[in-house]
Number of protein chains: 2
Amino acid sequence: MSNLTLDDSHHSAHRPVADWLRAVPMFDVLSEAAVGVLAAISRLDDVDAGTTLFREDEPAEHLHILMEGRVTLSSQASGGRRAVVEVVEPVRHLVLATVLASAPYVVDAQAITDSVLISVPTEALHQLVRENAELASSLMRAQAIDFASMVREVCDLKMRTAAERLGSYLLELLRDDPVVETGFRLPIDKRLLAARLGCRKENLSRAFAILRDFGVETHGRRVILHDVEALRRFAFPNQLAAPGTA
Amino acid sequence: MSNLTLDDSHHSAHRPVADWLRAVPMFDVLSEAAVGVLAAISRLDDVDAGTTLFREDEPAEHLHILMEGRVTLSSQASGGRRAVVEVVEPVRHLVLATVLASAPYVVDAQAITDSVLISVPTEALHQLVRENAELASSLMRAQAIDFASMVREVCDLKMRTAAERLGSYLLELLRDDPVVETGFRLPIDKRLLAARLGCRKENLSRAFAILRDFGVETHGRRVILHDVEALRRFAFPNQLAAPGTA
């Protein structure tokens with residue numbers, strides 16, 4: 001955690017932590033007083049792109065909640081390869097199950113853009129959970145959603161081709177930003193995208209080639225979807241991992 | 001749940017539920033009195049092979065703990081295909097995160113052999129958790145282990161070939177039954193094994209063919225490992241999902 005920076009020149013310093021906490025859905029159940037208690041023990045971190053937030057096997061000393069930016073969760077394999085478990089977008093907590101159990105982290109977390117995170121010490125969070133049954137229930141629900149999303153990811157990886165998974169990923173980007181209907185820039189580079197989808201870079205190129213028949217045009221990280229409906233029919237033949245089913 | 005059977009002719013009826021509960025690691029923290037309370041609300045079910053324990057989207061009304069037998073967790077896709085998320089072996093709880101959050105089940109569960117399960121009503125379990133902080137912590141830890149195992153499965157699916165995953169699966173069977181050092185029968189049929197590994201049946205045959213170079217001989221469900229060390233070097237090149245790292 002030594003490479004975290006807290007820099008007044010970043011904009012996040014101008015909003016109190018309590019304001020940020022109110023934007024976290026799993027804290028919706030908290031009273032104003034409880035938000036105040038949580039704010040008193042929480043810290044807001046502005047981190048630079050490339051910052052490692054925590055490493056696999058370290059004790060989970062903080063619950064991190066990504067408020068702005070983008071974070072990868074990954075696991076090291078030999079030969080320098082990394083499995084990217086997830087690319088986390090805000091507003092989202094990181095590995096809640098691990099934190100609530102005070103277990104060692106099961107993944108590395110790294111900010112891949114400049115990011116803003118709330119950081120809650122694990123021990124203090126446990127104390128709050130013991131005192132606040134509504135918070136405990138809310139965290140349980142959040143954990144169940146995390147678990148369901150991992151189950152869906154496993155099904156997805158087992159049942160669907162790289163091209164189908166790439167198609168769903170592109171459609172999800174569209175959903176997140178409905179204003180841009182046909183053209184957008186990939187938020188992550190193609191090397192990371194391949195790792196996220198669980199394929200080699202050459203398979204990603206092949207997947208993009210397959211998607212050309214369904215109206216997907218690419219120029220580097222720039223993507224144009226000419227026929228969203230055709231892509232949807234190709235990518236969600238069976239509704240597994242369809243947007244909105246989360 | 002209408003197809004559950006409770007039949008005195010099965011052997012499980014001869015042991016009180018409390019005895020079974022004492023064999024569940026996550027209940028180790030409970031006092032004798034607390035085990036008694038849990039036993040009073042729990043039921044022991046003998047179910048036949050083929051019994052559906054619960055279905056996706058149904059409310060999670062019970063925590064099931066598999067004591068004997070074998071259960072698949074799966075998710076339906078169109079065209080009749082099923083993604084097998086996990087083949088559960090005893091002693092093991094099913095989808096704890098879902099139950100603790102009172103969320104709908106995210107998978108179907110089906111006994112694939114005659115099985116014995118403890119079944120604890122969700123509402124009564126919640127009540128116990130509220131009263132027993134040690135039980136709450138123990139369930140949190142169990143949940144974190146479940147989450148870690150799903151993370152490992154995702155890494156595994158993203159980083160490793162079907163042949164490598166098949167190799168690890170065979171080595172895990174060896175570990176579970178160290179007496180049988182070179183020959184054993186697959187506990188699940190090849191169709192289910194392919195679904196479990198997340199590949200098509202023809203890819204499973206190809207994976208077995210690759211493993212022949214590492215001393216793996218098969219005759220139907222009968223497997224002989226002629227060179228366990230060679231298989232280990234092939235299947236765990238990077239320690240991902242290696243036995244004992246769970």
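I looked up Phe54(B) and Tyr105(B) to start with and found both buried (under 20% relative accessible area, with exposed over 50% and partly exposed in between; 1.4 Å probe, protein chains only).

I note that this is a predicted model, in which local features need pLDDT of at least 70 and side-chain atom pairs count only at pLDDT 80 or more, while totals for chains, interfaces and linings use all residues. Residues are numbered from 1 along each chain as written, chains are lettered from A, and side-chain values use heavy atoms without hydrogens or water.

Aromatic pairs. I counted four over all chains; rings of Phe, Tyr and Trp (its six-membered ring) pair if their centres lie within 6.5 Å, and planes under 30 degrees apart are stacked, over 60 edge-to-face, the rest tilted. One of them is Phe54(B) with Tyr105(B), stacked at 3.7 Å centre to centre and 10 degrees between the planes. Phe54(B) is in strand E2 (52-54) and Tyr105(B) in the loop between helix H3 (96-100) and strand E7 (108-111), 51 residues apart. Helices (H or I, at least four residues) and strands (E, at least two) are DSSP runs numbered from the N terminus.

I then checked Phe214(B) and Phe234(B): the centres are 4.5 Å apart and the planes at 25 degrees, so this pair is stacked. Phe214(B) is in the loop between helix H8 (201-212) and strand E10 (216-219), and Phe234(B) is in helix H9 (228-235), 20 residues apart. Phe214(B) has 25% relative accessibility and is therefore partly exposed; Phe234(B), at 18%, is buried.

Charge over ring. In chain A, I found the charged end of Arg15(A) over the ring of Trp20(A), 4.2 Å from its centre (NZ of Lys or CZ of Arg within 6 Å of the ring centre and within 35 degrees of the ring normal). In chain B, Arg15(B) lies over the face of Trp20(B), at 4.2 Å from the ring centre.
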